[in-house]
Amino acid sequence: SPDDAHLSTSQTSAPSPTETLTPLEQEVLDEYARLLGNLNNMSTLLATLAANPSAEILDSLRGLERKTSLVFTLLKASVYSIVLNQQIMDEPPGEGM
């Protein structure tokens, strides 16, 4: 059962004669049990992080938000400058007076 698989990373019970596994099959099953244990640990850690984000993560996200906001503002200013310069270049001479 899956519960038995994640309780132990190795199969220590002796198989019955009718269920004898080759060493390769046993090794594959052991690796699957180890993988299941690792996935369960990762799932628990991710759930903990999602429920209680650390101050370090929140600070990093705030810094990223500030930088993104600055880049967006500079991009808008650059586009505005390009559009303004293009309008000045397209304006016929003498019309601005």
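Confidence differs from one helix to another in this predicted model. Helix α1, residues 2-7, has the lowest mean pLDDT among the elements of the protein chain, at 48, while α2 has the highest, at 93. Around α1, pLDDT stays under 50 over residues 1-9. For that stretch the model has nine contacts beyond four places in sequence. Where pLDDT is low, the predicted coordinates should not be read in detail. Taken over the protein chain, the average pLDDT is 83, and 77% of the residues score at least 70.

With that in mind, let us walk along the chain. Starting at the N terminus, you will meet the elements in the order α-α-α. That makes three helices and zero strands. Helix α2 covers residues 23-51, and helix α3 covers residues 55-90.

Take a look at α2 from end to end. How far apart should its ends be? At 1.5 Å a residue, its 29 residues should span 42 Å. In the model, the end C-alpha atoms of α2 are 42 Å apart, so the expected span and the model agree.

Next, consider what is covered and what is open. Buried residues make up 5% of the 97 residues in the protein chain. Which residues of α2 are buried? They are D30, A33 and G37. As for the surface, the protein chain exposes about 8700 Å², and carbon and sulfur atoms supply 64% of that area.

Part of this surface deserves a visit of its own. A nonpolar surface patch of about 1100 Å² brings together residues including L24, V28, Y32, L35, L39 and M42, and also I57, L58, L61 and L64. The elements that give two or more residues to this nonpolar patch are α2 and α3. Helix α2 gives the most, with eight residues. One of the patch members is L46, which you will find in helix α2. Its relative accessibility is 49%, so L46 counts as partly exposed; the cut-off for exposed is over 50%.

Now for the charged side chains. Side chains of opposite charge can pair when their charged atoms come close. How many salt bridges are there here? The count comes to two.

One salt bridge joins the side chains of R34 and E31, with 2.4 Å from N to O. Why can these two residues meet? R34 and E31 are three residues apart in helix α2, so about one helical turn separates them. An α-helix has 3.6 residues a turn, so residues three or four places apart point the same way. Both partners are partly exposed: R34 has a relative accessibility of 34%, and E31 has 43%.

The other salt bridge is formed by D59 and R62, whose closest N and O atoms are 3.0 Å apart. Here the setting is helix α3, where D59 and R62 lie three residues apart, about one turn of the helix. D59 counts as partly exposed at 47% relative accessibility, and R62 is partly exposed as well, with a relative accessible area of 44%.

To look back over the tour, α2 is a good place to return to. This helix has the highest mean pLDDT among the elements, gives eight residues to the nonpolar patch, and holds the pair R34 and E31.

Key
Residues numbered from 1 in each chain as written. Predicted model: local features only at pLDDT ≥ 70, side-chain atom pairs only at ≥ 80, totals over all residues. Heavy atoms only, no water. Helix = DSSP H or I, 4+ residues; strand = E, 2+ residues; numbered from the N terminus. Buried < 20%, exposed > 50% of the residue type's maximum accessible area, 1.4 Å probe, protein only. Areas by Shrake-Rupley, 256 points an atom, 1.4 Å probe, with all protein chains shown as cover. Salt bridge = Lys/Arg side-chain N within 4 Å of Asp/Glu carboxyl O. Patch = residues over 30% accessible without salt bridge, like charges linked within 9 Å, V, L, I, M, F, W, Y side chains within 5 Å. Expected span 1.5 Å × (residues − 1). pLDDT = per-residue confidence, 0-100. Contact = heavy atoms within 4.5 Å.
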